[in-house]
Amino acid sequence: MTRLHSDLVADNASVSYRMVRARIATLRGVPAGAPARPPTVRQVTGWLTRHPTALSEDDRADLKNVLARCPGLDTAAGHVRDFGDVLTGRLGAGLPAWSDAVDASQLPASPASHASQSGTSTP
């Protein structure tokens with residue numbers, strides 16, 4: 001890339017090294033047969049917290065793939081959907097049953113819930 005950049009500058013091309021590097025990266029692309037990049041935490045969180053009808057077909061397929069690989073996350077996703085139904089349907093009376101279902105599923109607790117149960121708080 002350094003040599004290409006030098007050659008371009010010698011030919012009076014108005015390019016920066018960064019521009020050359022970016023162009024080479026796009027030309028290289030992803031090698032054939034390379035595994036797809038795993039979704040980011042932000043992507044998965046978005047898929048879980050958006051209304052299912054707001055997801056594209058690709059997002060739905062990707063979410064289904066992630067949930068198939070992680071049964072605990074699949075269970076948590078069900079709780080998130082149920083909680084969304086409680087909120088959007090204004091079904092506050094169903095909140096205790098939802099909470100009992102979450103407790104019964106015995107999902108691993110987050111560090112924040114451990115702190116609240118022990119009487120300490122996280123910074």
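## Burial and cover in helix α3

Two residues are in contact when heavy atoms lie within 4.5 Å of each other. In this predicted model, the cover over the buried residues of α3 includes α4 (57–69) and α5 (71–88). The buried residues concerned are Val-44, Gly-46, Trp-47 and Leu-48, in a helix that spans residues 41–49.

## Overall composition

The chain contains seven helices and zero strands. Read from the N terminus, its elements follow the order α-α-α-α-α-α-α.

Buried positions make up 13% of the 123 residues. The exposed surface of the chain amounts to about 9800 Å², and carbon and sulfur atoms contribute 58% of that area. Among contacts with a separation of 6 or more, 23% join residues 24 or more positions apart.

## Helices α1 and α2

Helix α1 covers residues 2–10 and helix α2 residues 17–28; their axes come within 9 Å and cross at roughly 125 degrees. An angle outside the ranges for roughly parallel (under 35 degrees), roughly perpendicular (65 to 115) and roughly antiparallel (over 145) counts as oblique, and α1 and α2 are therefore oblique to each other. The crossing of α1 with α2 is right-handed.

On the α1 side, Thr-2, Leu-4, His-5 and Leu-8 take part in the contact, and they meet Tyr-17, Val-20 and Ile-24 of α2. Sorted by class, this contact of α1 with α2 holds five nonpolar residues, two polar residues and no charged residues.

## His-5 within α1

His-5 is a residue of helix α1. Is His-5 buried or exposed? Its relative accessible area is 18%, and the cut-off for a buried residue is under 20%; His-5 is therefore buried.

Leaving aside residues up to four places away in sequence, His-5 touches Val-15, Ser-16, Tyr-17 and Val-20. Of these partners, Tyr-17 and Val-20 also appear in the contact of α2 with α1.

## Helices α4 and α5

The two helices named above as part of the cover of α3 also pack against each other: the axes of α4 and α5 are 5 Å apart, at an angle of about 120 degrees. This angle makes α4 oblique to α5.

From α4, the contact involves Val-66, Leu-67 and Arg-69, while α5 supplies Pro-71, Leu-73, Asp-74 and Ala-77. By class, the contact of α4 with α5 comprises five nonpolar, no polar and two charged residues.

Technical notes: Residues are numbered from 1 along each chain as its sequence is written. This is a predicted model: local features need pLDDT of at least 70, side-chain atom pairs count only at pLDDT 80 or more; totals for chains, interfaces and linings use all residues. Side-chain values use heavy atoms; hydrogens and water are left out. Helices (H or I, at least four residues) and strands (E, at least two) are DSSP runs, numbered from the N terminus. Buried means under 20% relative accessible area, exposed over 50%, partly exposed in between (1.4 Å probe, protein chains only). Accessible areas come from the Shrake-Rupley method with a 1.4 Å probe; for residues, only the protein chains shown count as cover. Axes are lines fitted to C-alpha atoms, for helices over the stretch in contact, and angles run from 0 to 180 degrees between N-to-C directions. A crossing is left-handed if the near helix is turned anticlockwise from the far one by less than a right angle, and right-handed if clockwise. Ala, Val, Leu, Ile, Met, Phe, Trp, Tyr, Cys and Pro count as nonpolar, Asp, Glu, Lys and Arg as charged, and the others, Gly among them, as polar.
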